[in-house]
Each structure stands twice: as C-alpha cells, then as structure tokens.
Number of protein chains: 2
Amino acid sequence: MSLREQKKLAAWRAIRSAALRLFDQRGYEAVSVEQIAAAANVSRATFFNYFASKEAVVFDQDPQERDHWRALMNARPADEPLWDALTAIMIGFNERLADRMPLQRRLKAQSPALAQSTQDLGEQFRTDLRDWVATRTDGTDPLTATLQFNLAFAAVSTAYQTWPADESFDQYLQRLRRCLAQAGAGPAAKAN
Amino acid sequence: MSLREQKKLAAWRAIRSAALRLFDQRGYEAVSVEQIAAAANVSRATFFNYFASKEAVVFDQDPQERDHWRALMNARPADEPLWDALTAIMIGFNERLADRMPLQRRLKAQSPALAQSTQDLGEQFRTDLRDWVATRTDGTDPLTATLQFNLAFAAVSTAYQTWPADESFDQYLQRLRRCLAQAGAGPAAKAN
DNA sequence: TCCATTATTAGACGGAGTCTAAGTTCGGTG
DNA sequence: CACCGAACTTAGACTCCGTCTAATAATGGA
C-alpha cells in the first residue's frame with residue numbers, strides 16, 4: 001500500500017472517528033460538518049471529498065471492510081442454493097458489526113433526522129451483494145433472484161427492528177438466524 | 001367539511017399539482033421550493049406548512065387516500081391469517097396507484113436525488129399498516145408479525161424494482177401478486 | 001531535482017429547512 | 001351584525017448542507 005493510500009485511509013478514519021465522537025457527545029444535529037472537519041484537522045471541503053453527505057459519515061463502511069464481505073461472497077460454492085448462500089453471507093456480514101451497531105443504534109434513537117433515514121450500515125454492502133446475485137444468477141429467472149435478495153434484507157431489518165435496548169449483540173445475531181430461517185420457510189408455513 | 005378544511009385540502013392539492021407539473025417539465029432538482037410556491041400562489045413558508053420537505057411533495061399521499069386504505073384494513077376478517085390479510089391489503093393499496101406510479105417512476109429515473117431516496121409512495125401507508133398489524137397481533141408473537149410485515153413490503157419492492165419501462169400497470173399488479181404468493185410460500189420452497 | 005498527478009484548501013454561492021413576529025381569515029358568541 | 005380568539009399565511013432573516021472554482025501543497029516517479 002503506497003504512502004498516498006495510507007494517508008487517505010488515515011484521513012478517512014480520522015474524520016469518521018471525530019464525527020462519531022462528537023455525535024455521541026452532543027447529538028447528530030447539534031454537530032455541524034464544519035465542527036467535524038475542525039476536530040479532524042481538515043477543511044470542510046476535504047470532509048466532502050471523503051463523504052458524500054453528513055449522513056454518510058454515520059453509515060459508510062470502512063474501506064477495508066469491503067474486502068471482507070467480498071471474500072464472503074466469493075467463498076460460497078457455485079452449486080449452493082441461492083437462499084442458503086444469502087443466509088450465510090448475511091450472517092457473516094452482520095457478525096462484523098458488533099462494534100458499530102450499538103453506537104449507530106444510540107444515534108438513531110437520539111436523533112430525529114437519523115431515525116427517519118431509511119439508510120443503514122448495509123447500504124454499500126447491499127450494492128455489492130446485488131451485483132454478486134446478478135452475476136451468479138445470470139441467465140436464470142431475475143424475478144426470483146431479486147425476490148430472494150429483498151426477502152433476505154427484510155429478514156435482517158426485522159431482526160434489527162425487534163432488537164430491544166437491553167439485549168446483547170449475540171442475541172441479536174441469534175434472532176437474525178431465526179428470521180432468515182423463517183423467511184426461507186415462508187411465513188404462511190409457520191405462523192397462524 | 002368546514003370551509004377551513006376545504007381550503008386546506010385545496011391548498012394541499014394546488015401545491016402538489018403545481019410541484020409535479022414543474023418537476024415533470026424541468027426535472028426535480030431544477031425546480032426550487034420557491035418556484036413551486038409561486039406557481040401554487042402561496043408563500044414559501046406555506047409550502048413547508050403542508051410538506052415536511054421538498055421530497056415529501058413527491059411521495060406524500062392525498063389526505064383522502066388515507067380513508068381508503070384504512071377501510072381496506074378494517075375490512076379484513078379477524079380470523080383471517082395475517083399473511084393473507086397483508087396480501088389482500090397490499091394489492092388493494094397498489095391498485096389505487098395507477099395514476100401516480102408512472103409519473104413517480106419517471107421522476108425517479110430522471111433525478112439522481114430521488115433515485116437514491118429510499119422513500120416511496122407507501123411511506124404513510126406503511127406507518128398505518130404497522131399500527132394495524134400491531135393492534136391486530138396484540139398479545140401474540142411480535143417477531144413473527146414484524147417479519148411478515150417486512151416480507152410483504154419486500155415483495156412489493158421486488159415487483160416494483162423488476163417493472164420494465166415498457167410494461168403496463170396491470171402487468172405490474174400481476175407480478176405483484178406472484179411476488180406475494182412466492183414470498184408466502186418461502187423462497188426455499190420454489191427456487192433452486 | 002524536476003514534473004505530472006493527485007489531494008487539500010479557502011471562499012463564494014444557491015437552496016433547504018427553521019423560526020419569529022406580524023398580518024389575515026375563519027367560526028363561533030353575545 | 002360586531003367582535004374575539006384560534007387557526008392560517010406571510011415576509012424576512014438565519015443556519016447549515018452541498019457544490020464549485022481556482023489556487024496551493026504534497027506525492028511518487030523520471
């Protein structure tokens with residue numbers, strides 16, 4: 001990794017950690033981009049070089065994290081049923097969020113602007129996974145593939161939404177597995 | 001309906017129709033809230049009395065529409081399985097969007113700002129449906145209810161996302177029914 | 001050491017969204 | 001009909017987000 005790339009990564013992390021620290025202390029809307037930039041010792045313009053918006057600094061993933069989930073996708077055998085692969089990838093992705101999810105939840109709970117944002121930590125992951133599904137199911141029925149893709153994310157959303165404030169991250173992961181299994185079986189099969 | 005209420009509704013519709021007309025002509029980001037207000041013969045401040053944001057004018061539903069979908073929900077028999085009720089309500093809701101969906105799609109396709117917005121026409125409907133599900137399933141397992149709720153929306157998203165530009169609205173509805181049925185059966189049951 | 005490329009920066013700008021204080025319209029009451 | 005309080009509208013000022021430009025600084029290779 002060249003010196004340039006190292007510096008970029010360092011700057012990215014400096015901005016993000018400064019921002020999260022300030023958000024955590026004072027709340028999302030009480031902190032301006034100007035203040036974040038000052039705390040990270042960069043200019044306001046540089047902030048927007050690294051993050052497309054103020055919201056992005058909350059939801060964007062560390063650039064190196066991308067390598068991990070791409071590895072997850074490539075690790076799935078080609079003959080595995082799509083739903084099983086999606087389940088495994090979803091769990092693998094979520095297991096890595098142990099550190100960031102709690103903070104992100106706290107911010108969302110405090111800040112109206114973030115609470116109503118439909119974005120979440122998986123925005124970039126979602127794009128990559130979409131592409132992976134597209135290439136993997138190339139030639140087969142795109143409707144079924146898209147549906148499974150969306151159902152998998154619905155299962156994750158459900159696990160996240162039903163996460164009580166006092167529950168541990170491991171319990172969240174456990175419920176996530178249950179949601180994925182239940183979605184795979186079909187709601188009509190189990191409930192009622 | 002009092003004169004006051006009539007005027008409010010008229011103002012709401014005047015603002016929205018002016019906005020949609022301008023957006024359609026010049027594109028979403030090329031039109032400012034100031035211009036919308038001028039076209040609707042109200043002040044900028046009044047615009048924000050009726051719509052929480054510039055985006056809301058694209059996605060908010062006509063106040064009277066709410067009565068319709070609430071009727072849809074109340075029409076479901078109490079002993080019907082939740083998934084069947086959700087399916088019926090979703091279809092009933094979508095059938096009413098024949099007029100607005102095409103325009104909304106066109107705007108989304110043209111405007112980057114709208115394209116990345118995760119909002120859609122069903123935002124308020126979603127809230128009401130969430131409440132309806134909550135009261136209906138009160139006492140029973142909330143996880144299963146939330147999961148079915150989210151899966152139903154995932155099915156709608158899928159039908160919407162896979163809607164080709166040249167396809168009719170009726171074909172969209174047809175595919176929506178298929179997505180709901182398939183989601184109800186579970187992806188694992190059918191595919192692969 | 002020099003040079004092309006890339007990153008950073010200040011500063012200005014337009015527009016979104018909030019707020020206040022003043023004006024206007026409605027609906028009920030005497 | 002005249003009045004009053006409540007609800008609605010409005011101009012205008014303000015903050016901050018996000019974009020852009022043109023100038024400066026740092027990097028890595030020749």
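In this predicted model, B:Phe93 counts as buried, with a relative accessibility of just 6%. Its ring partner, B:Trp69, is buried too, at a relative accessible area of 1%; both values fall under the 20% cut-off.

A pair of aromatic rings comes down to two things, the distance of the centres and the angle of the planes. Across all chains, the count of such pairs reaches 26. One of them joins B:Phe47 to B:Phe48, with 5.2 Å from centre to centre and 85 degrees between the planes, which makes the pair edge-to-face. These two rings sit in rather unlike settings: B:Phe47 is buried at 0% relative accessibility, whereas B:Phe48 is partly exposed, at 37%.

Back to B:Trp69 and B:Phe93: their ring centres lie 5.6 Å apart and their planes meet at 70 degrees, so this pair is edge-to-face as well. B:Trp69 belongs to helix 5 of chain B (residues 63-74) and B:Phe93 to helix 6 of chain B (residues 82-95), so the contact ties together parts that are 24 residues apart in sequence.

Over in chain A, aromatic rings gather into a group. A:Trp69, A:Phe93, A:Phe125, A:Phe149 and A:Phe153 make up one aromatic cluster. One member of that cluster, A:Phe149, also has a charged neighbour, with A:Arg130 lying over the face of its ring at 5.0 Å from the ring centre. Chain B offers an arrangement of this kind too: B:Arg126 lies over the face of B:Phe153, 4.3 Å from the ring centre.

How values were computed:
Residues are numbered from 1 along each chain as its sequence is written. Chains are lettered from A and ligands numbered from 1 in the order in which they are written. This is a predicted model: local features need pLDDT of at least 70, side-chain atom pairs count only at pLDDT 80 or more; totals for chains, interfaces and linings use all residues. Side-chain values use heavy atoms; hydrogens and water are left out. Rings of Phe, Tyr and Trp (its six-membered ring) pair if their centres lie within 6.5 Å; planes under 30 degrees apart count as stacked, over 60 as edge-to-face and the rest as tilted. Buried means under 20% relative accessible area, exposed over 50%, partly exposed in between (1.4 Å probe, protein chains only). Helices (H or I, at least four residues) and strands (E, at least two) are DSSP runs, numbered from the N terminus. A charge sits over a ring if NZ of Lys or CZ of Arg is within 6 Å of the ring centre and within 35 degrees of the ring normal.
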